Amino acid sequence: MKKNNVETKKLFDTSSLNFSLTKDLPIDFLLAKDIWYAEEDLGLRVNQHQRNRTINFSRIQQTWFKEKLKQYIIYRRIQGIAYSTINETISIFNKLSLFLAEQYVNGFEEIDDEIFELVIKDIKKYSHSYQDSFLCYLKGFLDFGNENDWFSISTYLVAQTKPSKRKKTKIQYIPDEVLQQLDEHLHLLPEPQQRLVILIRA
């Protein structure tokens, strides 16, 4: 396992890395930019009908976070990640970056279970699938960072958290007296509303 870590770290030795997907541009040139061109910089295939063809890191507020996220995206690109998945990853980490800024987190060393508890509570307002994606991408980034000694952050809470399901909306019933009044005055309603009342009564 240790051998694999060493090999992975060499990937981010920016003084010697040749990133062939960027037309032999130095990797440091790519890391210095906040907006990458999917096709020109990363050699990604983008649907010809898709208007947005960039990867935008400008909304990641923390320099220390942005630097490692860029390196992580490069690694994932080399693994064969698709353009749509990259943009979904960036979108999720944009929200995480905003949350970290609101919590005045100033470095990876300040990210702990207390922060994760707040993050998990915050994302419960989103759909089940979004929560699942958020936790999956977050754990992938944290695992990779831990393996490469970028930081030492426990992923136990993130790994153990299951997305919460939204409460089902209770069916609201129309009182019988209201339905009776509708029946009595049905002929006064426009035809579309009459059909609607009939459907409700069915």
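Here a biologist and a modeller talk through a predicted model of one protein chain.

Biologist: Let's begin with the overall build. How many helices and strands does the protein chain have?
Modeller: Reading from the N terminus, the elements run α-α-β-α-β-α-α-α-α-α-α-α. Going through that string letter by letter, you meet both kinds of element. The count for the protein chain is 10 helices and 2 strands.

Biologist: What share of the residues of the protein chain counts as buried?
Modeller: A residue needs under 20% relative accessible area to be called buried. The protein chain has 202 residues to test in this way. The share that counts as buried is 36%.

Biologist: And the outside? What part of the accessible surface belongs to carbon and sulfur atoms?
Modeller: The accessible surface of the protein chain comes to about 13,400 Å². Carbon and sulfur atoms own a portion of that area, namely 51%.

Biologist: Now the inside. Which residues have the most contacts inside the largest nonpolar core?
Modeller: In soluble globular proteins, nonpolar side chains tend to be buried together. In this model the largest nonpolar core has 45 residues. Helices α2, α3, α4, α5, α6 and α7 each supply at least two of them. The residues with the most contacts inside this core are W36, I55, F65, L69 and F141.

Biologist: Let's follow I55. Which residues does I55 touch, leaving aside its neighbours within four places in sequence?
Modeller: I55 is one of the residues with the most contacts inside the largest core. Contact here means heavy atoms within 4.5 Å. With its sequence neighbours within four places set aside, I55 is in contact with D34, I35, W36, L42, L44, Y83, I86, N87 and I90.

Biologist: I55 also lines a pocket. Which element gives the most to the lining of the second largest pocket?
Modeller: This pocket holds about 160 Å³ of space, and its lining includes I55, N87, I90 and N94. Two elements, β2 and α5, give two or more residues to the lining. By class, the lining has 2 nonpolar, 6 polar and 2 charged residues. The element that gives the most, with 5 residues, is α5.

Biologist: What about the largest pocket: which residues lie closest to its centre?
Modeller: About 200 Å³ of space lies in the largest pocket, and 14 residues line it. Both α5 and α6 give two or more residues to this lining, with α5 giving the most at 6 residues. The lining divides into 7 nonpolar, 2 polar and 5 charged residues. Closest to the centre are N94, K95, L96, L98 and F99.

Biologist: Are there enclosed spaces too? Which element gives the most to the lining of the largest cavity?
Modeller: Rolling a probe the size of a water molecule over the atoms shows where empty space is left. The largest cavity has a volume of about 70 Å³, and its lining is made up of F65, L96, L100, F108, I111, F116, L138, F141 and L142. By class that is 9 nonpolar, no polar and no charged residues. The element that gives the most, with 3 residues, is α7.

Biologist: Back to helix α5, where S97 is found. Is S97 buried or exposed?
Modeller: S97 is in contact with R59, I60, Q61, Q62 and F65, leaving aside its neighbours within four places in sequence. I60 is 37 residues away along the chain, yet the C-alpha atoms of S97 and I60 are separated by 5.6 Å. The relative accessibility of S97 is 0%, and the cut-off is under 20%, so S97 counts as buried.

Biologist: Let's look at a loop. Is Y104 buried or exposed?
Modeller: Y104 is found in the loop between α5 and α6. Its phi is positive, about 55°, although Y104 is not a glycine. A residue is exposed when its relative accessibility is over 50%, and Y104 has 67%, so Y104 counts as exposed.

Biologist: One last residue, D149. What is the value of its phi?
Modeller: D149 lies in the loop between α7 and α8. At 57% relative accessibility, D149 counts as exposed. D149 is a residue other than glycine with a positive phi, and the value is near 60°.

Definitions and conventions. Residues are numbered from 1 along each chain as its sequence is written. This is a predicted model: local features need pLDDT of at least 70, side-chain atom pairs count only at pLDDT 80 or more; totals for chains, interfaces and linings use all residues. Side-chain values use heavy atoms; hydrogens and water are left out. A nonpolar core is a set of buried Ala, Val, Leu, Ile, Met, Phe, Trp, Tyr and Cys residues joined through side-chain atoms within 4.5 Å. Buried means under 20% relative accessible area, exposed over 50%, partly exposed in between (1.4 Å probe, protein chains only). Helices (H or I, at least four residues) and strands (E, at least two) are DSSP runs, numbered from the N terminus. On a 1 Å grid over the protein atoms alone, a cavity is a set of points where a 1.4 Å probe fits but cannot get out, and a pocket is an open set with protein on both sides within 12 Å along at least five of seven lines; lining residues have an atom within 4 Å of a point. Grid points are joined across faces, edges and corners, and a volume is the space filled by probe spheres set on the points. Ala, Val, Leu, Ile, Met, Phe, Trp, Tyr, Cys and Pro count as nonpolar, Asp, Glu, Lys and Arg as charged, and the others, Gly among them, as polar. Accessible areas come from the Shrake-Rupley method with a 1.4 Å probe; for residues, only the protein chains shown count as cover.
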